[in-house]
Amino acid sequence: MRKKTLIAPSVLASDFSKLGDEVEAVATAGADWIHLDVMDGHFVPNITFGPPVIKAIRNRTKTFFDCHLMIAPADPYLAAFAEAGCDGMTVHAEAGPHLDRSLQTIRSLGKKAGVSLNPATPETAIEYVLDRLDLILIMTVNPGFGGQAFIPAIVDKVRRVKALIGNRPIRIEIDGGVSPETAPLVTAAGADVLVAGAAIFKGGTVEAYRANIEAIRSAAEKAAN
Ligand SMILES: O=C(CO)[C@@H](O)[C@H](O)COP(=O)(O)O
Ligand SMILES: [Fe+2]
């Protein structure tokens, strides 16, 4: 059976001066997951936040914290992110030499395990770790910044990943440049979790966030296969 499409607002586009309020607002507005972009200034050319900030906002909602770790190495920090309140942790396939070990560690911490693929990384990078995965995050921009343009060539990779996972219960998440215009392209190809920052955090109110989430959700669901 087809999975319901989940919408995961990325707080990277929120007002960091009131991050807790923003997380609560977007959860009230209907977010299925909260997407937290962790950047280290080394794996990606930007720096955001780490476990103390995640811990500080954890009590603002019970919504699933989907932690996108754009850090290298990731392994030394996985326990701290789990302790801070991440429900799922996604590491990049390009971030270290021992992806299988990273995924085993995430599951041993009792969290959902994800792997992310940069636009130039082929899906073959995850061929031998499929049974350790709950989530595959396919980047449709180069990681590091919000508000970038969606790369259409990646839609073909979404189709290939969908075929690769077969009937395993793995979610396919898309991250970068998702909007009501681009969402149908990826749900038609098999994606079932959509991250969106710039397209959701505009308007500044719960009502505006709700309308922005629903615009993506309805466009996505119409095209979902
Ligand atoms: O991981 C990243 C960027 O590296 C994303 O999660 C962005 O935050 C998505 O932002 P938009 O492209 O939707 O504005
Ligand atoms: Fe992200």
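The following legends accompany views of a predicted model of a protein chain with ligand 1.

**Figure 1. Overall fold of the protein chain.** Seven helices and eight strands make up the secondary structure of the protein chain. The C-alpha trace spans about 45 × 40 × 30 Å along its principal axes. The radius of gyration of the protein chain is 16 Å, which agrees with the value near 17 Å for a compact globule of 225 residues. Of the 225 residues, 45% count as buried. Among contacts between residues at least 6 apart in sequence, 65% join residues at least 24 apart.

**Figure 2. Surroundings of ligand 1.** Around ligand 1 there are 22 residues, of which Leu12, Pro143, Gly146, Gly197 and Ala198 come nearest. The shell comprises ten nonpolar, ten polar and two charged residues. At least two residues of this shell are supplied by each of strand E2 (33–39) and strand E8 (193–196).

**Figure 3. His68 and its contacts.** His68 belongs to strand E3 (residues 64–70). Because 28 C-beta neighbours lie inside 10 Å, His68 counts as buried. Beyond its neighbours within four places in sequence, His68 is in contact with His35, Leu36, Asp37, Val38, Thr90, Ser116, Leu137 and Asp175. Both His68 and Asp175 are covered by the "binding site" annotation in the unreviewed UniProt entry.

**Figure 4. Phe145 and the annotated positions.** Phe145 is located in the loop between strand E6 (135–139) and helix H5 (155–165). With 15 C-beta neighbours inside 10 Å, Phe145 counts as partly exposed. The UniProt annotation "binding site" (unreviewed entry) includes Phe145 together with, among others, Ser10, Gly144, Gly146, Gly147, Gly176 and Gly177. Gly146, named in that annotation, is also one of the residues that come nearest to ligand 1.

Note on methods
Residues are numbered from 1 along each chain as its sequence is written. Chains are lettered from A and ligands numbered from 1 in the order in which they are written. This is a predicted model: local features need pLDDT of at least 70, side-chain atom pairs count only at pLDDT 80 or more; totals for chains, interfaces and linings use all residues. A residue is near a molecule or strand if its C-beta atom, placed from the backbone, lies within 6 Å of it. Helices (H or I, at least four residues) and strands (E, at least two) are DSSP runs, numbered from the N terminus. Ala, Val, Leu, Ile, Met, Phe, Trp, Tyr, Cys and Pro count as nonpolar, Asp, Glu, Lys and Arg as charged, and the others, Gly among them, as polar. The radius of gyration is taken over C-alpha atoms; the globule rule is 2.2 Å times the number of residues to the power 0.38. A residue is buried if 20 or more other C-beta atoms lie within 10 Å of its own, exposed if 12 or fewer, and partly exposed in between; C-beta atoms are placed from the backbone. Two residues are in contact if their C-beta atoms, placed from the backbone, lie within 7 Å. UniProt positions are given in the numbering used here, feature names are shortened, and annotations may be inferred rather than shown by experiment.
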